[in-house]
Amino acid sequence: FFFGVTIFTALLSFYNNYSNKILYPNSVHNFEYRLLSYEKIKYTEEINNYMKKNKNRKIIFLTSDAYYFRIINNQKIGYYDLINHGNHGYNGSKKLLNIIKKNKDALFIVDKEQLNVYLQTDKNVINYVMKNGKKIDKVYKYDVYILDK
């Protein structure tokens, strides 16, 4: 029984690695020795290329991947890179909205899927940007907004 379970586990692991095309080591800065799928690497390259194309603009991620992209690009983690409830103190949602409103020239990378799942993400900020902003682009699964008002 033990031998059968061991063989099954090894085959399942091999199949998962082969079917997801795990690349190790990879070329993602600061994550070279982390197991990343080929799809994750392509996703990372697409977002990074968009960031390079817009390097003269401030980019604000309203996604759970904000830290990931800041780390791989050696950028400083900012106030709005983790927009979870409770991270910004008393009336944190209002504080965050006031800061967001001041960034008229910024590109907002928005993950609409976060509105449909139960996360700590402050959905008020995402809703505000989607309601008061103008969708100007799409990169990977994200919509890109600028604030009109």
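Which residue in β4 does Ile-59 stand opposite? Here are a few notes on this predicted model, beginning with that one.

1. The residue is Leu-107: Ile-59 stands opposite this leucine in β4. The pairing behind that contact is between β3 and strand β4 (residues 107–110), which run parallel and are joined by 4 bridges.

2. Stepping back to the sheet as a whole, you will find 4 strands in an open arrangement, in the order β3-β4-β6-β5 and with mixed pairing. β3 (59–62) and β5 (133–139) have a single partner strand each and stand at the edges, so one side of each is left without a neighbour in the sheet. On average, and with direction ignored, neighbouring strands here are turned by 30 degrees against each other.

3. Helix α2 is worth a look next. α2 packs on this sheet and touches β3, β4, β5 and β6 (142–147). The direction of α2 makes about 130 degrees with that of β5.

4. Now for the largest pocket, whose volume is about 180 Å³. Helix α2 (residues 38–53) turns up again: 3 residues of the pocket lining come from α2, the largest share. Ile-59, the residue from the opening question, is also one of the lining residues.

5. What is the make-up of that lining: how many residues are nonpolar, polar and charged? The lining of the largest pocket divides into 5 charged, 4 polar and 2 nonpolar residues. Among the lining residues are Lys-52, Lys-55, Arg-57, Lys-58 and Arg-70, along with Asn-48, Asn-54, Asn-73 and Gln-75. Met-51 belongs to the lining too.

Technical notes. Residues are numbered from 1 along each chain as its sequence is written. This is a predicted model: local features need pLDDT of at least 70, side-chain atom pairs count only at pLDDT 80 or more; totals for chains, interfaces and linings use all residues. Side-chain values use heavy atoms; hydrogens and water are left out. On a 1 Å grid over the protein atoms alone, a cavity is a set of points where a 1.4 Å probe fits but cannot get out, and a pocket is an open set with protein on both sides within 12 Å along at least five of seven lines; lining residues have an atom within 4 Å of a point. Grid points are joined across faces, edges and corners, and a volume is the space filled by probe spheres set on the points. Helices (H or I, at least four residues) and strands (E, at least two) are DSSP runs, numbered from the N terminus. Ala, Val, Leu, Ile, Met, Phe, Trp, Tyr, Cys and Pro count as nonpolar, Asp, Glu, Lys and Arg as charged, and the others, Gly among them, as polar. Two strands pair if DSSP finds at least two bridges between them. Axes are lines fitted to C-alpha atoms, for helices over the stretch in contact, and angles run from 0 to 180 degrees between N-to-C directions. Contact means heavy atoms within 4.5 Å.
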